[in-house]
Amino acid sequence: MSEAPLLELRDVAKRFAIRPDLATRIADRLRRRHDPHVVHAVDGVDLAIERGEVVGLVGESGCGKSTLGRIVAGLHAPSAGTCAWRGAPLTAARTRTQRLAIQMLFQDPYASLNPRMRVIDLISEAPVAHGLWPRGDAHRRTVATLEQVGLDASALPRYPHQFSGGQRARVGIARALAVGPELLVCDEAVAALDVSTQAQVLNLFMDLRDQASTALGLTYLFISHDLGVVRHLSDRVLIMYLGRIVESAPTARLFAAPNHPYTRALLAQTPTLEATKRTFAVIEGEIPSPSSPPTGCHFHPRCPRAQDVPDRRCSRERPLLKVVGRGHRSACHLNDREVATAPEPPTPQG
Ligand code: SF4
(Lines give C-alpha, C1' and ligand atoms only; values in the text may rest on other atoms or scores of the structure.)
Protein backbone atom coordinates (compact mmCIF):
# COMPACT_ATOMS: atom_id res chain seq x y z
CA MET A 1 0.00 0.00 0.00
CA SER A 2 1.43 3.41 -0.96
CA GLU A 3 2.19 5.91 1.81
CA ALA A 4 -0.25 8.81 2.27
CA PRO A 5 0.99 12.24 1.16
CA LEU A 6 2.39 14.48 3.89
CA LEU A 7 -0.48 16.89 3.30
CA GLU A 8 -3.65 16.30 1.36
CA LEU A 9 -6.54 18.70 0.73
CA ARG A 10 -9.72 17.52 -0.92
CA ASP A 11 -12.29 19.88 -2.42
CA VAL A 12 -11.36 22.57 0.11
CA ALA A 13 -13.32 25.81 0.01
CA LYS A 14 -13.26 28.95 2.11
CA ARG A 15 -16.05 31.50 2.06
CA PHE A 16 -16.18 34.77 3.95
CA ALA A 17 -19.41 36.67 4.55
CA ILE A 18 -18.90 40.38 3.84
CA ARG A 19 -20.93 43.48 4.61
CA PRO A 20 -21.63 45.26 1.31
CA ASP A 21 -21.16 49.01 0.91
CA LEU A 22 -24.12 51.41 1.19
CA ALA A 23 -24.82 51.58 -2.57
CA THR A 24 -24.92 47.78 -2.81
CA ARG A 25 -27.23 47.56 0.22
CA ILE A 26 -29.64 50.04 -1.39
CA ALA A 27 -29.54 48.15 -4.68
CA ASP A 28 -30.17 44.90 -2.81
CA ARG A 29 -33.20 46.42 -1.11
CA LEU A 30 -34.62 47.67 -4.39
CA ARG A 31 -34.15 44.23 -5.93
CA ARG A 32 -35.46 42.55 -2.76
CA ARG A 33 -32.26 40.59 -2.48
CA HIS A 34 -31.81 39.07 0.97
CA ASP A 35 -29.08 36.48 0.57
CA PRO A 36 -25.73 37.37 2.21
CA HIS A 37 -22.76 38.61 0.21
CA VAL A 38 -20.07 36.00 0.24
CA VAL A 39 -16.47 36.02 -0.96
CA HIS A 40 -15.39 32.68 -2.41
CA ALA A 41 -11.72 32.97 -1.50
CA VAL A 42 -10.95 29.29 -2.12
CA ASP A 43 -13.25 27.30 -4.36
CA GLY A 44 -12.82 23.53 -4.42
CA VAL A 45 -9.06 22.97 -4.24
CA ASP A 46 -7.44 19.53 -4.32
CA LEU A 47 -3.80 19.46 -3.28
CA ALA A 48 -1.35 16.75 -2.26
CA ILE A 49 2.19 17.49 -1.11
CA GLU A 50 4.73 14.73 -0.65
CA ARG A 51 7.43 14.80 2.02
CA GLY A 52 10.51 16.72 0.88
CA GLU A 53 8.66 18.37 -2.01
CA VAL A 54 8.82 22.09 -2.73
CA VAL A 55 5.53 23.27 -4.17
CA GLY A 56 5.13 26.79 -5.55
CA LEU A 57 1.67 28.35 -5.46
CA VAL A 58 1.37 31.34 -7.79
CA GLY A 59 -1.37 33.77 -8.67
CA GLU A 60 -2.32 37.42 -8.73
CA SER A 61 -3.09 39.34 -5.60
CA GLY A 62 -6.53 38.38 -4.27
CA CYS A 63 -6.65 34.96 -5.96
CA GLY A 64 -6.95 33.13 -2.63
CA LYS A 65 -3.44 31.73 -2.37
CA SER A 66 -2.76 33.28 1.05
CA THR A 67 -6.12 32.03 2.32
CA LEU A 68 -5.20 28.55 1.13
CA GLY A 69 -1.84 28.85 2.92
CA ARG A 70 -3.62 29.91 6.09
CA ILE A 71 -5.94 26.92 5.86
CA VAL A 72 -2.91 24.64 5.58
CA ALA A 73 -1.27 26.38 8.55
CA GLY A 74 -4.44 26.10 10.64
CA LEU A 75 -5.09 29.85 10.81
CA HIS A 76 -8.38 29.49 8.91
CA ALA A 77 -10.82 26.60 9.12
CA PRO A 78 -12.09 25.53 5.69
CA SER A 79 -15.79 26.12 4.95
CA ALA A 80 -15.93 22.82 3.09
CA GLY A 81 -13.68 19.93 2.13
CA THR A 82 -11.18 17.90 4.11
CA CYS A 83 -7.52 18.21 5.09
CA ALA A 84 -5.27 15.33 6.08
CA TRP A 85 -1.78 15.14 7.54
CA ARG A 86 0.02 11.86 6.89
CA GLY A 87 -3.39 10.37 6.20
CA ALA A 88 -4.93 11.51 9.52
CA PRO A 89 -7.64 14.20 9.63
CA LEU A 90 -6.32 17.72 10.04
CA THR A 91 -9.14 19.59 11.73
CA ALA A 92 -9.45 22.96 13.44
CA ALA A 93 -8.60 21.17 16.71
CA ARG A 94 -5.09 20.19 15.70
CA THR A 95 -2.87 18.08 17.85
CA ARG A 96 0.22 19.74 19.30
CA THR A 97 2.38 17.66 16.95
CA GLN A 98 0.37 18.82 13.94
CA ARG A 99 0.54 22.46 15.04
CA LEU A 100 4.31 22.35 15.42
CA ALA A 101 4.81 20.37 12.21
CA ILE A 102 3.28 23.11 10.04
CA GLN A 103 4.79 26.57 10.42
CA MET A 104 4.03 29.69 8.41
CA LEU A 105 6.32 32.53 7.35
CA PHE A 106 4.76 35.84 6.42
CA GLN A 107 5.67 38.62 4.03
CA ASP A 108 6.65 41.08 6.72
CA PRO A 109 8.79 39.39 9.36
CA TYR A 110 8.85 42.64 11.32
CA ALA A 111 5.10 42.39 11.87
CA SER A 112 5.34 38.79 13.06
CA LEU A 113 8.26 39.35 15.45
CA ASN A 114 7.48 40.86 18.83
CA PRO A 115 9.52 44.13 18.82
CA ARG A 116 9.99 43.95 22.61
CA MET A 117 11.65 40.55 22.60
CA ARG A 118 15.32 39.83 22.07
CA VAL A 119 16.28 37.32 19.42
CA ILE A 120 17.25 34.67 21.96
CA ASP A 121 13.76 34.84 23.46
CA LEU A 122 12.02 35.09 20.09
CA ILE A 123 13.64 31.90 18.91
CA SER A 124 13.74 29.84 22.09
CA GLU A 125 10.30 30.76 23.45
CA ALA A 126 8.22 28.18 21.56
CA PRO A 127 10.61 25.18 21.70
CA VAL A 128 11.19 25.71 25.45
CA ALA A 129 7.46 26.19 26.13
CA HIS A 130 6.64 22.98 24.24
CA GLY A 131 9.38 21.03 26.01
CA LEU A 132 11.36 20.51 22.81
CA TRP A 133 14.46 22.21 24.24
CA PRO A 134 15.59 21.95 27.89
CA ARG A 135 15.65 25.48 29.28
CA GLY A 136 19.32 25.10 30.22
CA ASP A 137 20.19 24.25 26.63
CA ALA A 138 18.24 27.13 25.04
CA HIS A 139 21.30 29.33 24.48
CA ARG A 140 23.26 26.67 22.62
CA ARG A 141 20.25 25.51 20.59
CA THR A 142 19.38 29.10 19.64
CA VAL A 143 22.92 29.76 18.40
CA ALA A 144 22.82 26.54 16.38
CA THR A 145 19.49 27.59 14.83
CA LEU A 146 20.82 31.06 14.02
CA GLU A 147 23.81 29.48 12.29
CA GLN A 148 21.45 27.43 10.14
CA VAL A 149 20.11 30.69 8.69
CA GLY A 150 23.46 32.47 8.32
CA LEU A 151 23.43 34.50 11.55
CA ASP A 152 25.59 34.07 14.64
CA ALA A 153 25.60 34.51 18.42
CA SER A 154 26.01 38.28 18.11
CA ALA A 155 22.30 38.41 17.18
CA LEU A 156 21.15 36.90 20.49
CA PRO A 157 20.75 40.09 22.60
CA ARG A 158 19.39 42.26 19.79
CA TYR A 159 15.83 43.35 19.04
CA PRO A 160 14.07 43.05 15.66
CA HIS A 161 14.41 46.76 14.84
CA GLN A 162 18.19 46.43 15.06
CA PHE A 163 18.30 44.19 11.97
CA SER A 164 18.07 44.85 8.26
CA GLY A 165 15.07 43.45 6.34
CA GLY A 166 17.05 40.44 5.14
CA GLN A 167 18.35 39.69 8.64
CA ARG A 168 14.84 39.98 10.06
CA ALA A 169 13.67 37.49 7.46
CA ARG A 170 16.42 35.14 8.64
CA VAL A 171 15.34 35.58 12.27
CA GLY A 172 11.77 34.76 11.24
CA ILE A 173 12.97 31.61 9.46
CA ALA A 174 15.08 30.61 12.48
CA ARG A 175 12.07 31.09 14.72
CA ALA A 176 10.01 28.76 12.53
CA LEU A 177 12.82 26.18 12.30
CA ALA A 178 13.28 26.12 16.07
CA VAL A 179 10.20 23.96 16.64
CA GLY A 180 11.34 21.39 14.07
CA PRO A 181 8.62 21.82 11.44
CA GLU A 182 8.10 19.38 8.61
CA LEU A 183 6.19 21.78 6.37
CA LEU A 184 6.98 25.48 5.96
CA VAL A 185 4.24 27.59 4.40
CA CYS A 186 6.05 30.66 3.05
CA ASP A 187 3.55 33.38 2.15
CA GLU A 188 5.28 36.00 -0.03
CA ALA A 189 8.21 35.45 2.31
CA VAL A 190 10.64 37.51 0.19
CA ALA A 191 8.22 39.99 -1.40
CA ALA A 192 9.06 42.82 1.00
CA LEU A 193 12.82 42.56 0.37
CA ASP A 194 14.91 44.34 -2.24
CA VAL A 195 16.04 42.23 -5.18
CA SER A 196 19.55 41.40 -3.98
CA THR A 197 18.30 40.51 -0.49
CA GLN A 198 15.53 38.41 -2.06
CA ALA A 199 18.19 36.43 -3.90
CA GLN A 200 20.12 35.85 -0.67
CA VAL A 201 17.05 34.67 1.23
CA LEU A 202 15.98 32.47 -1.69
CA ASN A 203 19.46 30.96 -1.62
CA LEU A 204 18.95 30.29 2.08
CA PHE A 205 15.67 28.50 1.33
CA MET A 206 17.50 26.46 -1.30
CA ASP A 207 20.29 25.59 1.16
CA LEU A 208 17.70 24.48 3.71
CA ARG A 209 15.93 22.57 0.97
CA ASP A 210 19.19 20.79 0.07
CA GLN A 211 19.29 19.56 3.64
CA ALA A 212 15.76 18.26 3.18
CA SER A 213 16.86 14.72 2.51
CA THR A 214 19.09 14.75 5.57
CA ALA A 215 18.59 16.38 8.95
CA LEU A 216 15.77 18.87 8.44
CA GLY A 217 13.41 16.88 6.23
CA LEU A 218 11.70 20.11 5.21
CA THR A 219 8.80 20.39 2.80
CA TYR A 220 7.71 23.77 1.43
CA LEU A 221 4.54 25.35 0.20
CA PHE A 222 5.98 28.50 -1.32
CA ILE A 223 3.32 31.13 -2.06
CA SER A 224 4.18 34.00 -4.37
CA HIS A 225 2.65 36.34 -6.94
CA ASP A 226 5.89 36.03 -8.89
CA LEU A 227 6.62 33.04 -11.12
CA GLY A 228 10.28 34.09 -11.32
CA VAL A 229 10.65 33.56 -7.58
CA VAL A 230 9.16 30.06 -7.40
CA ARG A 231 10.92 28.90 -10.59
CA HIS A 232 14.28 28.58 -8.90
CA LEU A 233 12.94 26.91 -5.79
CA SER A 234 10.06 24.61 -6.62
CA ASP A 235 9.75 21.04 -7.82
CA ARG A 236 6.17 21.66 -8.86
CA VAL A 237 4.14 24.79 -9.49
CA LEU A 238 0.42 25.34 -9.00
CA ILE A 239 -1.27 28.27 -10.72
CA MET A 240 -4.27 29.70 -8.89
CA TYR A 241 -6.92 31.98 -10.32
CA LEU A 242 -9.86 33.33 -8.36
CA GLY A 243 -9.91 30.58 -5.78
CA ARG A 244 -9.22 27.65 -8.11
CA ILE A 245 -6.11 25.76 -9.15
CA VAL A 246 -6.07 26.09 -12.95
CA GLU A 247 -2.77 24.37 -13.71
CA SER A 248 -0.33 22.11 -11.92
CA ALA A 249 2.93 20.81 -13.37
CA PRO A 250 6.54 19.97 -12.58
CA THR A 251 8.41 23.29 -12.66
CA ALA A 252 10.52 22.59 -15.73
CA ARG A 253 7.51 21.43 -17.69
CA LEU A 254 5.35 24.36 -16.66
CA PHE A 255 7.93 26.81 -17.96
CA ALA A 256 8.71 24.79 -21.11
CA ALA A 257 5.15 23.83 -22.03
CA PRO A 258 2.54 25.90 -20.20
CA ASN A 259 -0.96 24.77 -21.08
CA HIS A 260 -3.48 27.14 -19.51
CA PRO A 261 -4.03 30.52 -21.21
CA TYR A 262 -3.69 32.24 -17.83
CA THR A 263 -0.34 30.58 -17.14
CA ARG A 264 0.84 31.53 -20.63
CA ALA A 265 -0.14 35.13 -20.02
CA LEU A 266 1.73 35.15 -16.71
CA LEU A 267 4.83 33.65 -18.27
CA ALA A 268 4.80 36.00 -21.22
CA GLN A 269 5.24 38.94 -18.94
CA THR A 270 7.20 37.58 -16.00
CA PRO A 271 10.75 38.92 -15.78
CA THR A 272 13.50 36.52 -14.88
CA LEU A 273 15.19 36.42 -11.48
CA GLU A 274 18.24 37.99 -13.12
CA ALA A 275 16.30 41.00 -14.35
CA THR A 276 16.86 44.18 -12.40
CA LYS A 277 13.28 45.42 -12.67
CA ARG A 278 10.64 43.02 -11.39
CA THR A 279 7.00 43.72 -11.99
CA PHE A 280 4.10 41.32 -12.03
CA ALA A 281 2.41 40.46 -15.29
CA VAL A 282 -0.12 42.89 -16.65
CA ILE A 283 -2.95 40.83 -18.10
CA GLU A 284 -5.81 42.34 -20.05
CA GLY A 285 -8.73 43.26 -17.82
CA GLU A 286 -9.03 43.39 -14.07
CA ILE A 287 -9.20 40.39 -11.81
CA PRO A 288 -12.94 39.99 -11.06
CA SER A 289 -14.28 40.27 -7.55
CA PRO A 290 -14.30 36.95 -5.70
CA SER A 291 -17.67 38.01 -4.26
CA SER A 292 -19.24 37.73 -7.72
CA PRO A 293 -16.92 35.53 -9.77
CA PRO A 294 -17.69 35.01 -13.47
CA THR A 295 -19.70 31.93 -14.33
CA GLY A 296 -18.12 28.90 -15.97
CA CYS A 297 -14.38 29.36 -16.28
CA HIS A 298 -13.51 32.25 -13.96
CA PHE A 299 -10.89 33.42 -16.46
CA HIS A 300 -13.25 33.74 -19.43
CA PRO A 301 -13.75 37.56 -19.37
CA ARG A 302 -9.96 38.01 -19.73
CA CYS A 303 -9.07 34.93 -21.75
CA PRO A 304 -7.70 35.49 -25.28
CA ARG A 305 -8.74 31.94 -26.26
CA ALA A 306 -12.33 31.92 -24.96
CA GLN A 307 -13.73 32.57 -28.45
CA ASP A 308 -11.94 29.42 -29.70
CA VAL A 309 -14.24 27.25 -27.60
CA PRO A 310 -17.63 26.76 -29.30
CA ASP A 311 -21.09 27.38 -27.85
CA ARG A 312 -19.88 29.94 -25.29
CA ARG A 313 -18.98 26.97 -23.15
CA CYS A 314 -16.30 28.93 -21.27
CA SER A 315 -18.90 31.21 -19.74
CA ARG A 316 -21.29 28.37 -18.94
CA GLU A 317 -19.29 25.41 -17.71
CA ARG A 318 -16.49 25.08 -15.16
CA PRO A 319 -13.48 23.32 -16.72
CA LEU A 320 -12.06 20.53 -14.59
CA LEU A 321 -8.38 19.78 -14.07
CA LYS A 322 -7.40 17.13 -16.62
CA VAL A 323 -4.12 15.38 -17.35
CA VAL A 324 -2.31 17.00 -20.28
CA GLY A 325 1.13 15.50 -19.79
CA ARG A 326 3.31 13.66 -17.31
CA GLY A 327 2.47 15.08 -13.86
CA HIS A 328 0.78 17.96 -15.65
CA ARG A 329 -2.88 18.96 -15.25
CA SER A 330 -4.77 21.94 -16.57
CA ALA A 331 -8.35 23.19 -16.33
CA CYS A 332 -9.28 24.49 -19.77
CA HIS A 333 -11.98 23.43 -22.22
CA LEU A 334 -9.47 23.71 -25.05
CA ASN A 335 -7.89 20.51 -23.78
CA ASP A 336 -10.97 18.56 -24.82
CA ARG A 337 -9.75 18.93 -28.40
CA GLU A 338 -6.10 19.82 -27.93
CA VAL A 339 -3.50 17.81 -26.07
CA ALA A 340 -0.33 19.53 -25.04
CA THR A 341 2.22 18.40 -27.58
CA ALA A 342 5.29 20.16 -26.29
CA PRO A 343 8.15 17.72 -25.62
CA GLU A 344 9.24 16.84 -22.12
CA PRO A 345 11.97 19.25 -21.03
CA PRO A 346 15.40 17.61 -21.07
CA THR A 347 16.41 18.23 -17.45
CA PRO A 348 14.19 19.04 -14.51
CA GLN A 349 14.77 22.18 -12.49
CA GLY A 350 16.10 22.19 -9.02
FE1 SF4 B 1 -9.91 30.38 -21.63
FE2 SF4 B 1 -12.11 28.90 -21.96
FE3 SF4 B 1 -9.81 27.75 -21.32
FE4 SF4 B 1 -11.10 29.23 -19.52
S5 SF4 B 1 -11.82 27.31 -20.41
S6 SF4 B 1 -8.94 29.28 -19.96
S7 SF4 B 1 -11.95 30.83 -20.82
S8 SF4 B 1 -10.28 28.84 -23.23
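Start by selecting Asp-137 and Arg-141 in this predicted model: the two residues form a salt bridge, with the closest N and O atoms 3.8 Å apart. Colour them by accessibility and the partners fall into separate classes, since Asp-137 is buried at a relative accessible area of 18%, whereas Arg-141 counts as partly exposed at 28%. Elsewhere in the chain, select Arg-313, Glu-317, Lys-322 and Asp-336 together, because salt bridges that share partners join these four residues into one network. A search of the whole structure finds 15 salt bridges, and two others deserve a stop on this tour.

Select next Glu-182 and Arg-86, whose side chains meet in a salt bridge at 2.1 Å, N to O. This pair links distant parts of the chain, for Glu-182 sits in the loop between α7 and β7 (183-187) while Arg-86 sits in the loop between β4 (80-85) and β5 (88-89), 96 residues apart. Arg-86 is partly exposed, with a relative accessible area of 40%.

Move then to Arg-175 and Glu-125, where the side chains meet in a salt bridge of 3.8 Å, N to O. Here the link runs between helices, with Arg-175 in helix α7 and Glu-125 in helix α5, 50 residues apart. Arg-175 is partly exposed at a relative accessible area of 30%, and Glu-125 is likewise partly exposed, at 40%.

Having reached α5, select the whole helix, residues 119-129, and show its side chains. Which residues of helix α5 are buried? They are Val-119, Ile-120, Leu-122, Ile-123, Ser-124, Pro-127 and Val-128. What covers these buried residues includes α6 and α7, so displaying both helices as well will show part of the cover, contact being taken as heavy atoms within 4.5 Å. After α5 comes Gly-131, whose phi is positive, near 75 degrees.

The next selection is Phe-163, found in the loop between α6 (138-148) and α7. Is this residue buried or exposed? Phe-163 is buried, with a relative accessible area of 5%. Leaving out residues up to four places away in sequence, Phe-163 touches Val-119, Ala-155, Arg-158, Arg-168 and Val-171; Val-119 is also one of the buried residues of α5. Add Tyr-110 to the view, and the C-alpha atoms of Phe-163 and Tyr-110 are separated by 9.6 Å, although the two residues lie 53 residues apart along the chain.

From there, turn to the largest nonpolar core, which has 63 residues, and highlight Ile-173, Phe-205, Leu-227 and Ile-239, the members that touch the most other members. Helix α7 (residues 165-177) contributes the largest share of this core, six residues. Centre the view on Ile-173, which, not counting residues up to four places away in sequence, touches Leu-105, Val-149, Val-201, Leu-204, Phe-205 and Leu-208. Apart from this core lies another, of 28 residues, and a selection to find it can include Leu-9, Leu-68, Trp-85 and Leu-238. As background, nonpolar side chains in soluble globular proteins tend to be buried together.

Finish with two cysteines, Cys-83 and Cys-186. Cys-83 counts as buried at 8% relative accessibility, and Cys-186 counts as buried at 0%. How many disulfides does the structure hold? The structure holds zero disulfides, so no pair of cysteine sulfur atoms lies within 2.5 Å.

Terms used:
Residues numbered from 1 in each chain as written. Predicted model: local features only at pLDDT ≥ 70, side-chain atom pairs only at ≥ 80, totals over all residues. Heavy atoms only, no water. Buried < 20%, exposed > 50% of the residue type's maximum accessible area, 1.4 Å probe, protein only. Core = buried A, V, L, I, M, F, W, Y, C linked by side-chain atoms within 4.5 Å. Helix = DSSP H or I, 4+ residues; strand = E, 2+ residues; numbered from the N terminus.
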